[in-house]
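Thanks for making the time, everyone. I would like to walk through one model this morning, beginning with its cysteines, then moving to a set of annotated positions, and ending with a pair of helices.

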Amino acid sequence: MRLLPSFVALALGLLASADSFLSPYRVHERRGHIPAGWSYDRKHDNAATIPLRFALKQSNIDAIGDYLMEVSHPESAKFGKHWTAGEVFRKFSPSGESIGTVLTWLEENGFDSSRAKLTRNRGWIEVEATVEEAERLLQTEYHVYGHETGQEHVACDSYHLPEHVQSHVDFVTPTVHFDAKISKRSSSTSPDGTARSIGQPGQGTYPKTTGEIQTLLNQLEDCDQQITPVCLRALYGLVYEPLAGDKNSYGIVEYTPQAYLQTDLDMFQSNFSENLVGVAPKMVSIDGGYAQTEYTGFDYNGESDLDLEYSMNLVTAAQPITLYQAGDMVEGASFNNFLDAIDGTYCTFEGGDDPTQDAIYPDPYGGGYEGPEDCGTAAPTNVISTSYSYNEADLTPFYTARQCAEYAKLGLMGVTVLYSSGDYGVAGNDGYCLTPNGTYSLNGTIFNPSFPGTCPYITSVGATQVNPGSTVYEPEGACEQVIYSGGGFSNYFAMPDYQKTAVEYYLTNYYPQYPPDIWNASGTSRGYPDIAANGANYVVAIDGTFSLVYGTSCSSPVSGSVLTMVNDARLAVGKSPIGFINPTIYSSSFTGIFNDITMGGNQGCGTAGYTAVPGWDPVTGLGTPNFPKLVAKWLLLP
């Protein structure tokens, strides 16, 4: 009999309506294991207070993919007719029914209007509750978990909601969500010996280096040894002078303490583009972000120097670069903090920030940024490149779905969002793979896909290389020097329609010969990456010296630079930006437009990984950009 929870609540003296009696409790979310590094410590104190936050469902969210296809598919009559931010908010704002249902249920259970508060933008309902009250309300038990770093966290294994409430709530925090906290690399310490968060979000997402360069090479015949801007222009046909002026924009996202040094930018450009010496990116500070100079070296400057040196060079001085610098030195930031700043509706979309997974501002720990959280304070650029990632398994399906929907909203507004696909092949960050019980292990055998790379509403970028002994005039191969291009199949997201023809061709003709229990062999899941670009042997000025750098961290900003120049050509003749590109690049009209990669693989998890083959593959996607072909095709579109 399923009425027991309501009778228990009544016996405890809580109010309950007839609806509550008729609405049995169901499990809403359940966590299958304790994440790596954490262990059970104790039952939480019943009298302790916790901030319960209920994330409200959004209206029309199930149709967001259809709306996005309308403005993104080249055969659609609405192609390029992007939405305004206001139109996006009105379409997806939570319904009055959802708000009313949750507030009524809370009031029935003793949380009246003086305790249950609707946030300003209608996304959260917040309640301060004791542990005892929260356990009764959610039919759960709260525990305190300890991390190997000494950090503590409050969580439960699962929680329940009444059936009539479930359809109005995406998730509740704090509950099962604590494995998405930005991690500190234990090997990374500042000069004073304290651990710093480097390469946020996630671990293992920073570029790699083989050390300093003794002799600088800048000739096309040396591109298999050292990649410089002239190599990339030759590889991808990027010979173009911007014409659109301030109509166009390109943004790079960095997470403090990662920061660039102007002296490094100048050192690089003095060798490769003298007219950029002294030029700085346009800084947009998010939640206290700034170009810190307290700590320097590859771990602190490698990512930002790489991204900015190459993106600024490839789009030339005529196209300024916007730098979104997110998070302070104390609290850091997550992808959602960045998304908050470029879209105010996201601060409360699907409940907005989750304090167990996103940095909270003002800084609750002291010593950091004390201003208000940035919501809607920075306009999104036409193209946004980010070279950081989580493992998909770090996050719950609800959490990733919420964030993925935000990328779809950006696509609706005409923004192209690029993410690097990862540097460990079919393995996750730092080479960790999954085990049958869902935990991480360096000895695991189950492939560990990347997020946001698996989100079907972003463009995931893998890595290639100029093969040793080859030239820029010969086909590249998948990157197999120092790093391996991240790629594979999602365990959370279904295969989008725009990708079906390409991925089904791959699965029909080149089906991976692995047991179905180590990869998602369903044939119905999102495949990634979508495209690729060179990711090996980059010459980068870092902390006053030139180093060789590797990673999809190279590939994403380079791809973004090429697409920014495509936007420039369209905007210069009065057309819209290209926006979400995936439906277009997978369409039949763009067949053969990318340089197909058919050599190499992306090993990991004790396997050879997948193999680059003709057509799309889960190593290099559709291939590398061919600017002359891309710009010609996109100029034909309305």
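Let me begin with a question: is the disulfide of Cys433 and Cys605 left-handed or right-handed, going by the torsion about the S-S bond? Before I answer, please keep in mind that what you have on the screen is a predicted model, and that every value I quote is computed from it. The torsion about that bond comes to about -100°, so the disulfide of Cys433 and Cys605 is left-handed. The sulfur atoms of Cys433 and Cys605 are 2.0 Å apart. This pair links distant parts of the chain, since Cys433 belongs to strand 17, residues 433-434, while Cys605 sits in the loop between helix 15 and helix 16, with the two positions 172 residues apart. Cys433 has a relative accessible area of 1% and is therefore buried, and Cys605, at 9%, also counts as buried, because the limit for that class is under 20%.

In total, the count comes to three disulfides, so let me go through the other two. Cys223 is joined to Cys231, with an S to S distance of 2.0 Å, and because the torsion about their S-S bond is about -85°, this disulfide is left-handed. Cys223 is buried at 1% relative accessibility, and Cys231 is buried at 0%.

The remaining pair is Cys404 and Cys455, whose sulfur atoms are again 2.0 Å apart, but here the angle about the S-S bond is 85° and the link is right-handed. It too connects distant parts of the chain, with Cys404 in helix 12, residues 397-412, and Cys455 in the loop between strand 19 and strand 20, 51 residues apart. Both Cys404 and Cys455 are buried.

What about Cys479, and why does its sulfur form no bond with the closest cysteine sulfur? That closest sulfur is in Cys554, at 8.3 Å, which is too far for a bond, because a disulfide requires the two sulfur atoms to be within 2.5 Å. Cys479 is buried, with a relative accessible area of 0%, and the value for Cys156, also buried, is 0%.

Now to the annotated positions. An unreviewed UniProt entry lists Asp596, Ile597, Gly615 and Asp617 under "binding site", and I would treat this as what the record says, since such annotations may be inferred rather than shown by experiment. In the model these residues, although spread over 22 residues of sequence, cluster in space, with a largest C-alpha distance of 9.7 Å.

Ile597 lies in the loop between helix 15 and helix 16, and at 1% relative accessibility it counts as buried. Beyond its sequence neighbours, Ile597 is in contact with residues including Thr464, Glu476, Gly477 and Asp617. Gly615 is also placed in the loop between helix 15 and helix 16, but at 28% relative accessibility Gly615 counts as partly exposed, and its contacts outside the local sequence are Asp596 and Gly621.

Finally, the helices. The axes of helix 14, residues 552-572, and helix 16, residues 627-636, come within 10 Å and cross at roughly 35°, in a right-handed crossing. Among the residues that meet are Val562, Met565 and Arg570 from helix 14, and Phe627, Val631 and Trp634 from helix 16. The residues of this contact divide into ten nonpolar, no polar and one charged.

Conventions:
Residues numbered from 1 in each chain as written. Predicted model: local features only at pLDDT ≥ 70, side-chain atom pairs only at ≥ 80, totals over all residues. Heavy atoms only, no water. Axes fitted to C-alpha atoms, helices over the stretch in contact; angles between N-to-C directions. Helix = DSSP H or I, 4+ residues; strand = E, 2+ residues; numbered from the N terminus. Left-handed = near helix turned anticlockwise from the far one by under 90°. Contact = heavy atoms within 4.5 Å. Nonpolar A, V, L, I, M, F, W, Y, C, P; charged D, E, K, R; others polar. Buried < 20%, exposed > 50% of the residue type's maximum accessible area, 1.4 Å probe, protein only. Lists of a residue's contacts leave out its neighbours within four places in sequence.
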